[in-house]
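Q: I am a first-year student, and I would like a careful look at one part of this protein chain. Please set that part in the context of the whole chain.

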Amino acid sequence: MPQSSVAETITQDPPRRLLDGKKRVLASAFAGTTIEWYDFYLYGTAAALIFNVQFFPSGSELGSSLAAFASLAVGFIARPVGGIIAGHLGDRVGRKALLVVSLLSMGIASTLIGLVPNFDAIGWWAAAALVVLRIVQGLSAGAEWGGSALLSVEHAPARKRGLFGSFTQIGSAAGMLLATSAFFTVQSLLTDEQFESFGWRIPFLASALLVALGLWIRLGVSDAPEFKELKASGNVAKAPLRDVLTKHPRVLLVTIGLRLAQNSVFYLITVYMLSYLAKNRGDSTSGVTAVMIASAIGLFTGPLWGWVSDKVGRKRVTIGGIIGVAVFGWIFFAFLDAGPLAFLPIVVILGMNLAHDAIYGPQAAWFAEQFPIEIRYSGVNMGYQLGTVIGGGIMPMVAALLYVVGGHSPWLICGYLTLLCLLSLLAALAAKDPARELALTDPAHD
């Protein structure tokens, strides 16, 4: 080989391999979180549409709905535990290993949910089995987000962390799109009796195939050089969770607060709206269709907001989204009560893709930027998952109770959402914003 060709190969191949490696990381972040959230969100859709009848029959419609939503909340309560375990191991062992375990455990739990006999077959054992499997889902989801977010952000150039991190975030939109599409397709092809009898199980059973695909992609990535250097130096934290609680409590509270507005409005739209429309408008399909459309658009708006946050800073974008969520809540329920449901997708797009995604798109990068690398997995996991429990996990159940307490009017739900937005606003104001500092320096330098 000529000397010039050898030199050209030496200088060009490493960048090319690096680019291919980054593409693989982004594909892993997107595919893995898509499958994880497909499984996790299937349960939310089923809880709103079918589990109250199949697994939690009671003497009242409210009692059955509350029981189904309580089983949904159990998964959220388990998420911080999964996050703590994964954070400790992820900060000491590595991000990739935990992501493989989380994907496999989620797939097994979801497939088994599709096989659990209902209440008529085995009585309350059915509900108990469902709750146990939901706990496994929660533990898995608690491990997933932090690892996937850090893997993508830590591989990113400094000025593209928001964009790279958004590939983890849009996995949520893609997972919701797959989950709602699966239920929509099954409902469209089967009669109501067939759907209640066996059709609802099909989306859960399909999880096994998706997990196999996700594992194939995820096994081909490695931890970022930044973490490998930390591990090689022997400076990994011995007790990362303790360090988060004792040395970075303020940052932990900030990340918890940043989750409240975004996660609460997400579950109002994607879960509570379905049962609200079915009960008050006699419509169980318009909400699913609207969520499906918004989820598809979210595949583009998530990266868009992540990219914008790289240009102007995370704080500006997030605060705009929080204010949008606070205003949206009041408009949303007024529309659900009296608006023409043909326009529901437009309303949901305003809430999900403009307000919600402005907070969620930059979130992976912003959380990672709050913590030093040696405790980053533990820090982002704990903040993210505790905020999820408070903001979203209990939201459908709280909304159902507030609706009754408010005299079968949603005004208390709207007020509660506004309060959560205020807390998120205070957290956003208190968070540091390295992306803004980079945006103010020479934009040509990376």
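What follows is a request about one helix and an answer that starts from the whole chain.

Q: Which residues does valine 265 in helix 12 touch, not counting residues up to four places away in sequence?

A: The model is a predicted one, and it helps to begin with the chain as a whole before turning to the helix. The chain contains 20 helices and 0 strands, and its C-alpha atoms fill a box of roughly 80 × 45 × 40 Å when this is taken along the principal axes. A compact globule of 446 residues would have a radius of gyration near 22 Å, and because the chain has 22 Å, the two agree. Of the 446 residues, 57% count as buried, and among the contacts between residues at least 6 apart in sequence, 86% join residues at least 24 apart. The accessible surface comes to about 17400 Å², and 70% of that surface belongs to carbon and sulfur atoms. As for charge, there are 31 positive and 27 negative side chains, and the centres of the two sets lie 7 Å apart.

With that background, we can turn to helix 12, which covers residues 249-280. Valine 265 lies in this helix, and because its relative accessibility is 1%, below the 20% under which a residue counts as buried, valine 265 is a buried residue. If we set aside residues up to four places away in sequence, valine 265 touches Val325, Phe328, His356 and Leu417. Closeness along the chain and closeness in space are separate matters, and a pair of C-alpha atoms can illustrate this: those of valine 265 and glutamine 194, which are 71 residues apart along the chain, are separated by 32 Å.

Serine 275 also lies in helix 12, and at 15% relative accessibility it counts as buried, because the limit is 20%. A polar atom of the serine 275 side chain lies 3.1 Å from the backbone oxygen of tyrosine 272. Leaving aside neighbours within four places in sequence, serine 275 is in contact with Ala48 and Phe69.

Other parts of the chain can be read in the same careful way, and one of them is helix 15, which spans residues 344-360 and includes aspartate 357. Aspartate 357 has a relative accessibility of 7% and therefore counts as buried. Its side chain makes a polar contact of 3.2 Å with the side chain of asparagine 353. Not counting residues up to four places away in sequence, aspartate 357 touches Gly298, Thr301, Gly302, Trp305, Met352 and Pro362. The C-alpha atom of aspartate 357 is separated by 9.9 Å from that of leucine 299, although the two residues are 58 apart along the chain.

Leucine 150, found in helix 5 (residues 124-154), is buried, with a relative accessible area of 0%. Beyond its neighbours within four places in sequence, leucine 150 is in contact with Arg95, Ala368, Arg376, Tyr377 and Val380. Its C-alpha atom is 10.0 Å from that of lysine 96, and these two residues are 54 apart along the chain.

Loops deserve a look as well. Isoleucine 375 is found in the loop between helix 16 (363-368) and helix 17 (376-393), and with a relative accessible area of 2% this loop residue is buried. Its contacts, leaving aside neighbours within four places in sequence, are with Asp91, Ala237, Pro240, Asp243, Val244 and His248. Isoleucine 375 and histidine 88 are 287 residues apart in sequence, yet their C-alpha atoms are 8.3 Å apart in space.

Another loop, the one between helix 18 (395-405) and helix 19 (411-430), holds histidine 408. Most residues other than glycine have a negative phi. Histidine 408, although not a glycine, has a positive phi of about 55 degrees.

To return to the helix of the request, valine 265 at 1% relative accessibility and serine 275 at 15% both count as buried, and the contacts of valine 265 include Val325 and Leu417, while those of serine 275 are with Ala48 and Phe69 once neighbours within four places in sequence are left aside.

Key. Residues numbered from 1 in each chain as written. Heavy atoms only, no water. Rg over C-alpha atoms; globule rule 2.2 N^0.38 Å. Buried < 20%, exposed > 50% of the residue type's maximum accessible area, 1.4 Å probe, protein only. Contact = heavy atoms within 4.5 Å. Areas by Shrake-Rupley, 256 points an atom, 1.4 Å probe, with all protein chains shown as cover. Lys, Arg positive; Asp, Glu negative; His and termini not counted. Charge placed at Lys NZ, Arg CZ, Asp CG, Glu CD. Polar contact = N/O pair within 3.5 Å; in protein donor to acceptor, adjacent residues only side chain to side chain.
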